[in-house]
Amino acid sequence: MSDPREEWQQAYDATTLREGPFDTMSGVPVDAVYGNAPYPGQYPYTRGLFAAGYRSRLWTMRMFAGFGTAEDTNARFKELLRAGGGGLSTAFDMPTLMGRDSDHEWALGEVGHCGVAVDTLADMEDLFADINLGSVSTSMTINGPAIMIMAMYIAVGEKTGVDRSALAGTIQNDILKEYQAQKEYIFPPRPSMRLITDMMKFTSAEMPKWHPVSISGYHIREAGSTAAQELAFTLSNGFAYVEAALAAGLDIDDFAPRLSFFFNSHSDFFEEIGKFRAARRIWARWMKERYGATSERSMRLKFHTQTAGVSLTAQQAEINIGRVAIQALAGALGGTQSLHTDAYDEAMALPTEDAARIALRTQQIVAHETGVTNVVDPLGGAPYVEWMTDEMERQAEEIFAHLLDIGNDSILEGAYAGIDNGYYMGEIADAAYRFEREVNSGQRIIVGVNDFTEGDDGQRNLLRIGAEVEEYQLKRLADVKQRRNSDAVTASLTRLASEAADPEVNLMPTMIEAVKEFATEGEIVATLEGVFGTYVEKAVI
Amino acid sequence: MSEPQLRVVLAKLGFDGHDRGIKIVARILRDAGMEVIYLGLRQSYLNVVNAVEQEDADAVGLSMHNASHMTLAPKMVEALAAAGLDVPVIVGGIVPDEDVTELLEKGVAVVLGPGASAEQVAISVRDAVAAKA
């Protein structure tokens, strides 16, 4: 059996489909796939990872949420689960993302603002109270201190009777893009990479349903990169983690299936779709040809998508609903595994509840009303779409060649070198400035900003986080510190410091012990900084 | 050149790592003929004060995206005043309209919101410096 069409048919027939009917609104039956080989589910997966695409299951509607105290976010989680969201996604506040406690001097005014504040295991317990961690999948967006937050999640599971092997989810843990774009780093790149390889080893051995790194282009794009740069920087960061894991002695087919990706979906519809299709193809080829993967699961690039926050306008905010719908549709046509749709009021503040609901409803319209889920890769074979896919791949390969060049044939070393010499930051800043000049000169129209500006009533109903969140959190932290066994905390931190100094030791087990003693995030970070140092970026314009 | 070249210190205070905007502003001001001293991320008030003194700067630009502008910007104004430096503080980024009046009352010279054009940015800096002169 070597006919690709027959192979596709067999794979399709072997798939459990969701309930149909798979026909148009007018009742016209449609095939699951059109066009030519390679078909969906066939290497290099340009047309999708699986034969039946969304006929088997829709993407997960994963809405990012987090604000105020852990209890506030817990209530929002329950609300989203009730409203039909399929997974939890957690935003942390800036002090937490930076590995500092709520009582750090810079935390003033930041506690609970951009996400939830987590200082100790006690906050994590509140965050997931009355949610069975064995029956949800949780995505946690944190990088620098990811190992601590991961340890807390494992500890919450243990305390509520859910074994770590049953925990399902993803922790972002993509430190390379922090130095390149998002700037929420703590330690220098090489020790940070050690933390990540420790986590990859630990999850490979003990947590089969966990994705220890979500390689993220989202922030690279938000920082101003082009679509092709987002694609290339993200995939090359993925290659860098692969090289680090291989160097740490892991087998490629053991860990590669757990890597997942996170892309931005911006407003240039076909460019985005080409980017998503190219991402699958490039990953499959590199995993097979360069890194020697033999399992198909290692070659399949799974990704989450979020619509482009940076495209949201403060002016005439309601029109953002239209932008989000188009970007969500591009994600669906690109074959995303999960999707977050931005709320229309997010240009100025965290989303209000109403706006978050409209955003979820927007992707439900794409999923249930448009019919695009009936056919796998419905745009495959369209000349423009195939050209764009090729073009995205071509541009990305040029960037890979540059990184191999500056890294002496290693993408990992190329990434370190590019961070060190300002390559990524320079490329992103140039692209951002070029775009800004085009908007400023009116060459590029942004509706409501530089054209069609009538109709902005200036009325904005914004979510405000009161000062009481900060007061509550400071009191909570002080309480926890009062009640814990401080000798046990000190002992666990001392052990952590000595293990950190020995690159052969996996830090994960001691990390779990430390958080169970209610060591704070800030204390653990300070302990590790004592060994690893602190990263300071060179300021370049 | 009839006009003296303005010197502007740009900085990000606190944890906020959103630096797309401030880098664009840095290039806009440079293109407008000013000298830009970009200090980078995670700056303390003291770092900014020292830079203003050492560079003999005419203005300070802060870019804020984490809703902490109401805390950090007035403190920056106070820190400059305490050091005897009479330079305008210009805030850009994500600042809701209803916060603008209070920031101005607390001594911020100008607040530039999303959608400010390159020309507006450069003119605001010049005007703010002129108003102090």
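Here is a short tour of how chains A and B meet, followed by a look at one pair of helices inside chain B. Keep in mind that this is a predicted model.

Start with the interface. On one side, 44 residues of chain A are in contact with 37 residues of chain B. Together the two chains bury about 3,200 Å², and 57% of that lies on carbon and sulfur atoms. Within chain A, the residues that lose the most area to chain B are Trp106(A), Tyr433(A) and Ile541(A), which together account for 25% of what that side buries.

There's some polar chemistry here too. Two salt bridges turn up across the interface. Lys183(A) forms a salt bridge with Asp19(B), where the closest N and O atoms are 2.5 Å apart. Eleven residue pairs between the chains are in polar contact, counting pairs with both residues at pLDDT 80 or more.

Which helix of chain A gives the most to the side that touches chain B? That's α17(A), with ten residues. By class, the residues on chain A's side split up like this:

| Class, side of chain A touching chain B | Residues |
|---|---|
| Nonpolar | 23 residues |
| Polar | nine residues |
| Charged | twelve residues |

Now over to chain B, where helix α1 (residues 20-31) packs against helix α5 (residues 118-132) at an angle of about 70°, with the axes 9 Å apart. The two helices are therefore roughly perpendicular to each other. Val25(B), Ile28(B) and Leu29(B) make the contact from α1(B), while α5(B) brings Ala118(B), Val121(B), Ala122(B) and Val125(B). That gives seven nonpolar residues, with no polar and no charged ones.

Note on methods: Residues numbered from 1 in each chain as written. Chains lettered and ligands numbered in written order. Predicted model: local features only at pLDDT ≥ 70, side-chain atom pairs only at ≥ 80, totals over all residues. Heavy atoms only, no water. Axes fitted to C-alpha atoms, helices over the stretch in contact; angles between N-to-C directions. Helix = DSSP H or I, 4+ residues; strand = E, 2+ residues; numbered from the N terminus. Parallel < 35°, antiparallel > 145°, perpendicular 65-115°, else oblique. Contact = heavy atoms within 4.5 Å. Nonpolar A, V, L, I, M, F, W, Y, C, P; charged D, E, K, R; others polar. Buried area = accessible area lost by both parts, 1.4 Å probe. Salt bridge = Lys/Arg side-chain N within 4 Å of Asp/Glu carboxyl O. Polar contact = N/O pair within 3.5 Å; in protein donor to acceptor, adjacent residues only side chain to side chain.
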